[in-house]
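Q: Please take me on a close look at one part of this model, the region around its most enclosed helices and the loops and helices that go with it. I would like one connected account that I can follow with the structure open.

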Amino acid sequence: MPRTALRICPLCEATCGLTLTIEGTAVTGARGDRDDVFSRGFICPKGAAFGQIDGDPDRLRTPLVRRDGRLREASWEEAYEAVAAAVPGLVGAYGTQSVGVVLGNPNVHTMAGALYPPLLLKTLGTRNLFTASTLDQMPKHVSSGFLFGDPLAIPVPDLDRTDFLLLLGANPVESNGSLCTAPDFPGRLKALRARGGTLVVVDPRRTRTAALADRHLAPRPGSDALLLAALAHTLLAEKLAAPGTLEEHLDGLGELGAALGSFTPEAVAPACDLTADEIRSLARELAAAPTAAVYGRIGSCTVEHGTLASWLVDVLNILTGNLDRPGGALFPLSATDRTPRPAGPGKGFTVGRWHSRVGGRPEAKSELPIAALAEEIETPGEGRIRTLIAIAANPVLSAPDGDRLDRALAGLDFMVSVDPYLNETSRHAHVVLPPPPPAQSPHFDFAFNAFAVRNQARYSPPAIPLEEGRMDECEIHARLVLAVSGLHGAPPETVDERVIADTLTRAVTDPHSPLHGADPSEQARRLTGRTGPERRLDMMLRLGPYDLGLDDLLEAPHGIDLGPLGPRLPDVLKTRSGRIELLPDPIAAELPGLRAALADRPAALVLVGRRHLRSNNSWLHNVPALTGGSNRCTLQVHPQDAARLGLTDGGRARIAADGGSLEVPVEITDAVRTGVVSLPHGWGHDRAGARLGVASATPGVNVNQLLDGTRIDRLSGTAVLNGFPVELTPLP
């Protein structure tokens, strides 16, 4: 007989609650959980396809080990013996900096990805960490670090209470949100308008989100920072700025006007391809709204001045008095955050504490730009990366110049990949460790609850027991930590118990901890949970701000609602001054470069990416239910540009940029503005050796092959994936 089980969807940042239908050990259906305290029954096509994703026949079921140049099935013991035999010796011979670690986006969708990579990095002692953040959100981390002293202190729009929402470079109707965890984002936008609020979308494409808007502005791609600077300039010049109670927490307000003095609407309008009146009117509306929130995402991050754009988003929220107030932009408080500490100066935030060996690129948030990975592998010399550990990462498709990285990976001395698929990157590994399907894994959103538009806590135990021959994902990671540290063969639970002991020893000496003064051994014995990861979750909840434990979550399978977001200043501030540093020196030093952009002659044609509702980067293209329809790898071109260039709908064209050229099918549509073409990210499934049957049938092309990795946002190291110039020629 079929049964049902509850599961938090791990496929995007919305974290919707699902009700799975299970027959035997197979998920045969998925629907929204109507009683989920956060998502209230909402589901998107990705969640509905959970069964196909979970049961994908191309998922690896046993480890692979390279022997005689070929990857062959092996036992778990053989796989870890291969890791233990190779990695410690290579580190001993070439040093800790000869190891690189790459973390992909799916890590933040799993408990294992949240709990174990920090331990792996600490064990290895390497500074060569590369993640998907420098292809996505790093500008927001850096700007938040400068403003608030903490790169994880990211305010999110209070969607359910705001009166005015300004979205830039974001298409949450199709992406379900990013750095803003909000199930049913479309419904929340419709509710905003239904209660009389205003939605303004700034995007060079007429997306499904733009179609919902009261007003859609379509500027030139890459001009977001200029537009935002002009909005801030107008607020200051017209004396519309009203920080209110925020002013007592601000440093730099007096200097901001002079710093932005060049960015008048008239000066900025030509570069943005908007009118000065449009810019000025938008600033006035923003100032006049009872409450308002400005929110920018990947389209405003993955551009040349992405960190400045991210900074200016919060500058606008601050100048209008909407930061840290209901209806504005607020700081979430996750159930696994530390119990709040008294306000006061902190250590502050900086970038460039170390640099990459070859290109001298600065770290940000302890990460190096992933665009530098290939050169770090292929360039000889001391500190060359010879060993790579890739966890849920496919940088051959997601990073610039995948062909170069593809060649570099083939030259590694040793590579470990933790991945359920043999994909374009993991095919180079010497050992592949495949985690089980999501239905066989526990789930708690450590990362996304820190960006949620409502405070809540939900936990999903495994819906299906581990199949014979599978290994729990957390155990896979724990054994990997032991293998690279020279402790192969030690019980994997020792990794978790060591973390618990260390954490509790620190907690009982912290006067602000709820366990201050307690006996750490006694506290460890009190922890509940069947596994080490569950015990760690229980510990984090007990140390958190809501007096919760794992048992509370197990007794509330639909989740615990912890209430709407509330003001948290000044407690969240960790700057050296203990205040919001509105014009930090690194930001001020970048403004001359933004001023220079006012005089730039725009390229005739620039490229932007796009997201599909039934896709998520490169890792859902192997699911039959999510293929076809709008989820196609086509180059969207405006009719006027197509006519000028001699392109035909359904025909083919060659697109060329810094890193090379691609042949692409053309889709003529007025959904993109003139001077802009759009090609989606995450395609290019045509490399030999990958085992992705569905994806390889319609491989598409890798848009990042148009880039050579030299275009980056200087402050954050983030690759410029949007707004770069391209040339188009028709093909027969």
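**A close look, from a loop to the buried helices**

A: A392 lies in the loop between β15 (387-391) and α17 (395-398), where helices (H or I, at least four residues) and strands (E, at least two) are DSSP runs numbered from the N terminus. Although A392 is not a glycine, its phi is positive, about 50 degrees. Its relative accessibility is 19%, so A392 counts as buried; here buried means under 20% relative accessible area, exposed means over 50%, and partly exposed is in between, with a 1.4 Å probe and protein chains only.

Before going on, please keep in mind that this is a predicted model, in which local features need pLDDT of at least 70, side-chain atom pairs count only at pLDDT 80 or more, and totals for chains, interfaces and linings use all residues. Residues are numbered from 1 along each chain as its sequence is written, and side-chain values use heavy atoms, with hydrogens and water left out.

A second non-glycine residue with a positive phi is N176, at about 65 degrees. You will find N176 in the loop between α7 (172-175) and α8 (185-194). With 2% relative accessibility, N176 also counts as buried.

Another backbone feature to look up is the peptide bond from L569 to P570, which is cis, with omega near 5 degrees. P570 belongs to the loop between β19 (560-564) and β20 (580-581).

β20 now leads us to the enclosed helices. Helix α6 (residues 138-148) has 11 of its 11 residues buried, so the rest of the structure largely encloses it. Those buried residues include H141, S143, F146 and L147. The partners they pack against are α14 (298-301), α15, β20 and α24 (585-597), with contact meaning heavy atoms within 4.5 Å. Just after α6 comes G149, with a positive phi of about 85 degrees.

One of those partners, helix α15 (residues 306-319), has 14 residues and reaches 20 Å from its first C-alpha to its last, close to the 20 Å expected at 1.5 Å a residue; the expected span is 1.5 Å times one less than the number of residues. For α15, 14 of the 14 residues are buried, so this helix too is largely enclosed by the rest of the structure. G321 follows α15 and has a positive phi, near 75 degrees.

Within α15, have a look at W311. At 0% relative accessibility, W311 counts as buried. Its C-alpha is 5.0 Å from that of S143, though 168 residues separate W311 and S143 in sequence. Leaving aside neighbours within four places in sequence, W311 is in contact with S143, L147, L256, L260, L582, L583, P584, I587 and L591. S143 and L147 are among the buried residues of α6.

Now turn to helix α3 (residues 76-94). Its 19 residues should span 27 Å at 1.5 Å a residue, and its end C-alpha atoms are 27 Å apart, which agrees. The buried residues of α3 are W76, A79, Y80, V83, A86, V87, L90 and V91. They cover an arc of only 145 degrees around the axis, which puts them on the same side of α3; the arc is that of the directions from the helix axis to the C-beta atoms. An α-helix has 3.6 residues a turn, so residues three or four places apart point the same way. A85, G92 and A93 are exposed on the other side of α3. For G92 the relative accessible area is 65%. The C-alpha atoms of G92 and V200 are separated by 56 Å, with these positions 108 residues apart along the chain. G95, just after α3, takes a positive phi of about 95 degrees.

Last comes a pair of helices. The axes of α12 (residues 265-272) and α13 (residues 276-288) come within 8 Å and cross at roughly 115 degrees; axes are lines fitted to C-alpha atoms, for helices over the stretch in contact, and angles run from 0 to 180 degrees between N-to-C directions. In this contact, P265, E266, V268 and A269 of α12 meet A276, I279 and R280 of α13. These residues divide into 5 nonpolar, no polar and 2 charged; Ala, Val, Leu, Ile, Met, Phe, Trp, Tyr, Cys and Pro count as nonpolar, Asp, Glu, Lys and Arg as charged, and the others, Gly among them, as polar.
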